[in-house]
Amino acid sequence: MSYKMPMGPYHPGLEEPYKLEMTCEGETISDAQLHIGFNFRGIENLAEGRNHVQVIALMERVCGICSFIHTLTLCQAMETLTGLTPPPRARYIRVIMAELERLHSHVLWAGIAAKLMGFKTMFMACFQYREQVMDMLEAISGNRVNYSMNRPGGVNRDIPDPEAILRMVNALEGEIARVLVPVFTSSVTARSRCAGIGVLTQEKAASCGVVGPNARASGIAQDLRRAAPYAAYEEMEFEVPVESAGDVRARLMVRALEMLQSCGILRQALTKLPAGEYHCNESKIVFKTGTAMSRVEAPRGEVFYSVTWKENSRTPSRVHVRTPTYVNMPAVRWMVQGARIADAPLIQASIDPCYSCTDR
Amino acid sequence: MNPVEIIAEQLKLNGCTTDASGASWFATENIGVREMATTLRSAGARFITITATELPTGQGFRLEYIWDLDGKLIGFAFLVTDNQVPSIYDITEAADWIEREVHEEYAIDFTGRAYEPLLLREDNRPGVYLHEVGK
């Protein structure tokens, strides 16, 4: 006999509101329905009443973790509409901030995943690494979240001492390589808790349009930093980790390896940081009539913006945002089918969901 | 032929235009939404989103269907004047939440599918982004 079991919208394992309504037979989940929208904010609608400075501050608040990525994607679209081209130093600073944000997000996720695995020592270690990344972000931008770094045509703050940041990156990379990556890639605890559960096949991932590390853990190799480069990624050398198993362990492996790749990209960008201006010296920003699209590889996958502006208008006519969790989360339904109830929190956490992005 | 040219040939469309973002846009006078979706899914394209825009009073809506094919953005813009457009959810699952969202924000019906509330609650009326609702 089947019965229904709700997880959420308010649940000790989920700090943000979201509901997974599972249909179970005994201890096994046979199907699930997802419910979101508990914090729907209507940000796209709010954007239509904001000028270009205000809309950057607004979109920065779509997500508290990848706030830099959202303003980067928005500003790239604005640059298409204004004809502004960021100088080389700005493009490199954007890469540095984006990779620090990826590290921050992946380390935070690793900590939460460790906690859900019952690996609380690792949770503590991950949050210590996270603090180191936050220190770097604060050293560059003055803020731990909502960095206010992007503007159309460049960035608001320079990195005057890249050597200091490089030393911090090297120290962090050593810790990640020594502790975090081996634990997640080869420990018996991680393997026994994660291998073979929450499987998302490549076919299903493609049908659901899953993006980012979740897609790469199911054998879909796309990474926009490589497939459609932006900022200065064309000048960076890096690997795109891909796994084929599609289970929680594969998602763990992809993110663990991506952390090391991020450190490598940071090292290149900080070493080769070009001299010169870090933003255009425009006295007034003038928008052309039209729609511009932009997308960026956020820590959780592709962020897409479509921005429409009319000439001489102070405010955009339309700002549309498609966040990565918005396409990743529906796939949880297929991941939990056939899984044990006890694995459901870890499976849903394995997609690294962002409820703030989803309820934008 | 590059992937975009292959799509144009399969849909029997005379080429496309490229916008400032680098996206390829196809004219949609002679194709339907479902034909577009079927062709693109067969070609291995990934559905990204639908950008809905409310046009000035009485002119309906513009729905832009955006796809990724091998890292290239492909767009199809359809004008909707009667608040109805066929659903493509059965062709690509990725459209499920996007169609439900557009329905709730602009009260557009995607025909041939069932709805459950997504961002709104059950007693909320669809169309929360419509301009006349906001005034």
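Student: How many residues does the contact take from chain B and from chain A?

Tutor: In this predicted model, the contact takes 22 residues from chain B and 25 residues from chain A, where two residues are in contact if their C-beta atoms lie within 7 Å.

Student: Which elements of chain B give two or more residues to the side that touches chain A, and which gives the largest share?

Tutor: Strand 3 (46-54) and helix 3 (95-106) of chain B are the elements that do so, and strand 3 of chain B provides the largest share, six residues.

Student: How do the residues on that side of chain B divide into nonpolar, polar and charged?

Tutor: On the side of chain B that touches chain A there are 13 nonpolar, six polar and three charged residues.

Student: Why is chain B called as compact as a globular protein of that length?

Tutor: The globule rule gives 14 Å for 135 residues, and the radius of gyration of chain B, 15 Å, is close to that value, so chain B is as compact as a globular protein of that length. Its C-alpha trace spans about 50 × 30 × 25 Å along the principal axes, and buried residues make up 39% of its 135 residues.

Student: What makes a residue part of a nonpolar core, and which residues have the most contacts inside the largest one?

Tutor: Such a residue is buried, belongs to the nonpolar types that count, and is joined to others through C-beta atoms within 7 Å. The largest nonpolar core has 152 residues, and Val95(A), Ile96(A) and Ala269(A) have the most contacts inside it, while helix 4 (residues 88-117) of chain A gives the most to this core, with 15 residues.

Terms used: Residues are numbered from 1 along each chain as its sequence is written. Chains are lettered from A and ligands numbered from 1 in the order in which they are written. This is a predicted model: local features need pLDDT of at least 70, side-chain atom pairs count only at pLDDT 80 or more; totals for chains, interfaces and linings use all residues. Helices (H or I, at least four residues) and strands (E, at least two) are DSSP runs, numbered from the N terminus. Ala, Val, Leu, Ile, Met, Phe, Trp, Tyr, Cys and Pro count as nonpolar, Asp, Glu, Lys and Arg as charged, and the others, Gly among them, as polar. A residue is buried if 20 or more other C-beta atoms lie within 10 Å of its own, exposed if 12 or fewer, and partly exposed in between; C-beta atoms are placed from the backbone. The radius of gyration is taken over C-alpha atoms; the globule rule is 2.2 Å times the number of residues to the power 0.38.
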